[in-house]
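Me: I have a new structure open and would like to go through it. Can we start with the charges?

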Amino acid sequence: MHLKLAGFVSTAALAAALPLQAETIFNRIAAFPVPENLPADADPATETSAEIIDATEDGMTLVYSDSPLGAIGLVDITDPFAPAPGGSVDMEGEPTAVAILGSETAFVGVNTSPSYTEPSGHLAAVSLSEKSITATCDLGGQPDSVAVAPDGSFVAIAIENERDEDLNDGIIPQMPAGYLAIVPLEGGAMACDGLIKADVSGLGGVAPSDPEPEFVAINAAGEIALTMQENNYVVILDQQGNVTSHFDAGSVDIEGIDIAEDDALDFTGSLSGVKREPDAVKWLSTGQIVIANEGDYEGGSRGFTIFNTDGSVAYESGPAFEHEAIKIGHYPEARSENKGVEPEGLATGTFGDSDYIFVLSERGSVVGVYRMEDGTPTFVQALPSGIGPESAVAIPSRNLLATANEVDLIEDGGVRSHVMLFEAQEDAAPAYPSITTEGMDALTGFGALSGLAASETPGRLYAVNDSFYGGQPTIFEIDATQAPAKIIKAIRVTEDGAPAAKLDQEGIALDGMGGFWIASEGRSDREIPHAIYHVDGEGAITDTIPFADELLAHETRFGAEGIAVSGSKLWIAIQREWADDPEGMVKLVSYDLETGEWGAVHYPLEPKGEGWVGLSEITIHGDHAYILERDNQIGGAAKLKKLYRVPLAEMQPAALGGELPVVTKEEVRDFIPDLEAANGYVVDKIEGFTIDSAGYAFAVTDNDGVDDSSGETHFLKLGPLEAM
């Protein structure tokens, strides 16, 4: 059942409409770009970020901290399918976290420190209806996490007094020491005179004099759980600030992980005695907590742990969460060596009769959904969540989950920071992932898929990864008849028995004899040649066809982006204009396998808006060549992600070096609605397209190896070609 919320819907009515059962799944329903909350007179290019997020008691408003803007932002989710900007409140400092009491008051930790050695900050009370600061309470140090007691009797603040990571290699101790601040509430108002500064020094085993409190959570009994990440420690306190329990977070031995940053995915490594180094903490009951083990200091334990309050371990995930991210293409190779997917944030909530834990991978940009069954978390699904999910809040009364994604790539022309919304749904299938390696004999990752080709078997496709995985060029065999599509084989491309170096795979075509033709884009600045490679069925390069000198005399880095076979000719789509092309014209280059002759025609590009326009793929079916044409824009700025077709009869190549014939094109499909259907933001790179032997069309996006990317790979099953 799927219920669209238009206007205000009561909690009781919604609960009646969606009686949740154990088979509940979550699907993304909307994404809110944080820059929409910028003041009217602000430069749209102003950096923003959604970091720590909370929801009002009525579930109609989200509030997040925005450190770069120095504000908190409000999002109206009365209709969660169409979140609307609620404006922002200037916090007169750097907001570090926000926690809401009822539906009117937000408590915000505000950092005003002039330096690491002179930390300062306060707790601000904000009226959400008036969008103004109503009171402040000096905390005497730099705040980090903030939590409000469930009964509204106090606020707890982790005073981190964070270290200078550039001083002594970031090693602690670095004074002054942090502590836990407790501010009593009287009728919802801060009683600053009753401020308690709870000393938690002398406990942590790494640097007892410098606890560096990180994250705080409060249970229904008023007990406070506090993590001290750099000290690898957890402290339990009462609301008077008395320590009732404390324990080392300990370490884990982990296997089946990637321990090298080598542009390859190899999950055969192991590490021993890795510190958990917890970040977020949440209460599961009055006797249990769950921690996210970011491992940002000396750790890299990659998982999450459930502790009893006496320090005994009730559950340890090990690398299991990371393995789920690997199978759906969300593994951040650039963090391999000792970081992995970096679980950082957590949310918990009861949906229907089941308790859930939501584990956020900051670097993998994915959320793991776990349902508690007999005290043990059971993996349910993985959710895509923008770039860098920092925090989340569950809103069970409205069957919603919201995530705050902190990364804003405005300076790099990339996607902006987002808040994303997910709905708990019954009798629905997970919309994500659309492609996975689940079921393969060995744990296998993938990413940066940059070309598609079809075999003679309906639904049996092949894809390649690009130079992001230069240490592991691979051809992936895909069974597209399953949902999600399944990668069933990874064929490593080799040269003389070793991974093929200096290869940037951007296109693939079958040779009709069990092997493949691979188009390598080439980058002279990285000594990657522009070339065509013949690869046998085992992945070994058997022949190399360098581009003709007449082509290379005018080359740029934006070279081959697709390859297709028509009779004796190979056709290669060149992404952008080379030096000898008229503006707005790119080459479709031909190579005759029988004569060795090169030729080309010109293809007219659509007019440029922001950024550039170029080609991403070519495939030949029937009497036409089908060509992907796109801009390099993302999110709301994306305007061109289209499929065109060119009559093969017009593709009569002329010799290189002279005037080239210009082909005509016909639009077949606009992919922006397909990409919008994922309810996130429109991704940049739709890179692969093919038509199988039954006449069904497929497309795939390139996730850039989860590097400054959400990591989302969208495998699109487009149906019969004639219906497009």
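Reply: Sure. This is a predicted model. The chain has 37 positive and 120 negative charges, and the mean positions of the two sets are 5 Å apart.

Me: How many salt bridges turn up in the whole structure?
Reply: A search of the whole structure gives 27 salt bridges.

Me: Let's take one. What does glutamate 316 pair with?
Reply: Its partner is arginine 276, and the closest N and O atoms of the pair are 2.9 Å apart. The two residues are 40 positions apart and link distant parts of the chain. Glutamate 316 belongs to strand S24 (residues 313-316), while arginine 276 sits in the loop between strand S20 (269-275) and strand S21 (278-285).

Me: Is arginine 276 buried or exposed?
Reply: Arginine 276 is buried, at a relative accessible area of 6%. Glutamate 316 is partly exposed, at 25%.

Me: Which residue does glutamate 342 meet in a salt bridge?
Reply: Glutamate 342 meets arginine 335, with an N to O distance of 2.4 Å. Glutamate 342 counts as buried because its relative accessibility is 0%, and the cut-off for buried is under 20%.

Me: And what about aspartate 580, what is its partner?
Reply: Aspartate 580 forms a salt bridge with lysine 587, where the closest N and O atoms are 2.7 Å apart. Lysine 587 is buried, with a relative accessible area of 4%, whereas aspartate 580 is partly exposed at 34%.

Me: Which residues are joined into one network by salt bridges that share partners?
Reply: Arg630, Asp631, Lys641, Asp684 and Glu687 are joined that way.

Me: Changing topic. How many helices and strands are in the chain?
Reply: The chain has four helices and 53 strands. Its radius of gyration is 27 Å, close to the 27 Å that the globule rule gives for 724 residues, so the chain is as compact as a globular protein of that length.

Me: What does the C-alpha trace span along its principal axes?
Reply: The C-alpha trace spans about 90 × 55 × 50 Å.

Me: What share of the residues is buried?
Reply: Buried residues are 59% of the 724 in the chain.

Me: And the surface, how much area does the chain expose?
Reply: The chain exposes about 25,900 Å², with carbon and sulfur atoms supplying 46% of that area.

Me: Last one, on contacts. Of those with a separation of 6 or more, what share comes from residues 24 or more positions apart?
Reply: Residues that far apart account for 53% of those contacts.

Terms used:
Residues are numbered from 1 along each chain as its sequence is written. This is a predicted model: local features need pLDDT of at least 70, side-chain atom pairs count only at pLDDT 80 or more; totals for chains, interfaces and linings use all residues. Side-chain values use heavy atoms; hydrogens and water are left out. The radius of gyration is taken over C-alpha atoms; the globule rule is 2.2 Å times the number of residues to the power 0.38. Buried means under 20% relative accessible area, exposed over 50%, partly exposed in between (1.4 Å probe, protein chains only). Contact means heavy atoms within 4.5 Å. Accessible areas come from the Shrake-Rupley method with a 1.4 Å probe; for residues, only the protein chains shown count as cover. Lys and Arg count as positive and Asp and Glu as negative; His and the chain ends are not counted. The place of a charge is taken as NZ of Lys, CZ of Arg, CG of Asp or CD of Glu. A salt bridge is a side-chain nitrogen of Lys or Arg within 4 Å of a carboxyl oxygen of Asp or Glu.
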